[in-house]
Amino acid sequence: MIQILLCDDDDQIREEIEKQIRNQILICQYDFQICQSTNSPSALLNYLKQMRQRQNLYFLDVELKDSKYDGFLLGQEIRQADPAGIIVYITSFRDLAYKTFQYHVEAFDYIIKDHPGKLSGSIAKCLRDIFDRMSAQCASRPRRGGGRFWGWVWGWGGGGGRGGGCVGW
């Protein structure tokens with residue numbers, strides 16, 4: 001199962017993003033779950049440090065009301081702890097996308113949250129693209145004993161859902 005960690009300092013927006021992600025998980029039956037949703041970069045990092053699983057999915061705001069972290073610095077910290085993790089920025093600042101390259105975060109997507117209707121479609125497309133990419137990666141990797149692939153195990157989640165997960169290295 002893919003674990004999703006979400007950080008946005010605006011509680012109302014974070015709850016809407018969380019709702020949209022949960023809806024897509026239900027509709028598409030992805031084997032994903034939100035395990036952390038917080039307004040605090042430090043809380044997210046502390047949670048990540050205690051997790052054993054890596055190759056998680058992160059949805060981060062760019063502008064965080066935090067004295068130590070903005071979304072790009074948080075992305076750098078996540079990248080050090082989870083080098084294969086997937087980072088998606090969701091922000092109101094479309095003109096800051098170039099900073100993902102300056103910080104070498106290697107973000108998967110940069111979603112603008114200016115219209116709620118667009119946000120829903122953008123999150124749906126992003127999750128579908130992530131699912132498709134992970135499926136393609138698993139299909140192209142040689143099998144190792146017991147149906148395990150190097151890194152990702154892809155199969156049918158409980159209840160016939162689509163998904164997969166990291167089983168450790």
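Student: How many disulfides does the count come to here?

Tutor: Keep in mind that we're looking at a predicted model. A pair of cysteines counts as a disulfide if the sulfur atoms sit within 2.5 Å. Going by that rule, the number of disulfides is 0.

Student: Okay, is Cys126 buried or exposed?

Tutor: First find Cys126, which is in helix H5. The cut-off for buried is under 20% relative accessible area. Cys126 has 1% relative accessibility, so Cys126 counts as buried.

Student: And Cys35, buried or exposed?

Tutor: Use that cut-off again: under 20% is buried. Cys35 comes out at 18% relative accessibility, so the label for Cys35 is buried.

Student: Which residues does Cys126 touch, not counting those up to four places away in sequence?

Tutor: Try Phe108 as an example: Phe108 and Cys126 are 18 residues apart in sequence, with 8.5 Å from C-alpha to C-alpha. That puts Phe108 outside the four places we skip, and Phe108 does touch Cys126. The whole list for Cys126 is Phe59, Val88, Phe108, Asp109 and Ile111.

Student: Which residues touch the most other members of the largest nonpolar core?

Tutor: That core has 22 residues. Val88 is a good one to look at, with contacts that include Leu57, Phe59 and Cys126. The residues touching the most other members are Ile21, Leu57, Phe59 and Val88.

Student: Which element gives the most to this core?

Tutor: Elements giving two or more residues include strand S1 (2-7), helix H1 (11-28) and helix H5 (116-140). With 7 residues, the top contributor is H5.

Conventions
Residues are numbered from 1 along each chain as its sequence is written. This is a predicted model: local features need pLDDT of at least 70, side-chain atom pairs count only at pLDDT 80 or more; totals for chains, interfaces and linings use all residues. Side-chain values use heavy atoms; hydrogens and water are left out. A nonpolar core is a set of buried Ala, Val, Leu, Ile, Met, Phe, Trp, Tyr and Cys residues joined through side-chain atoms within 4.5 Å. Buried means under 20% relative accessible area, exposed over 50%, partly exposed in between (1.4 Å probe, protein chains only). Helices (H or I, at least four residues) and strands (E, at least two) are DSSP runs, numbered from the N terminus. Contact means heavy atoms within 4.5 Å.
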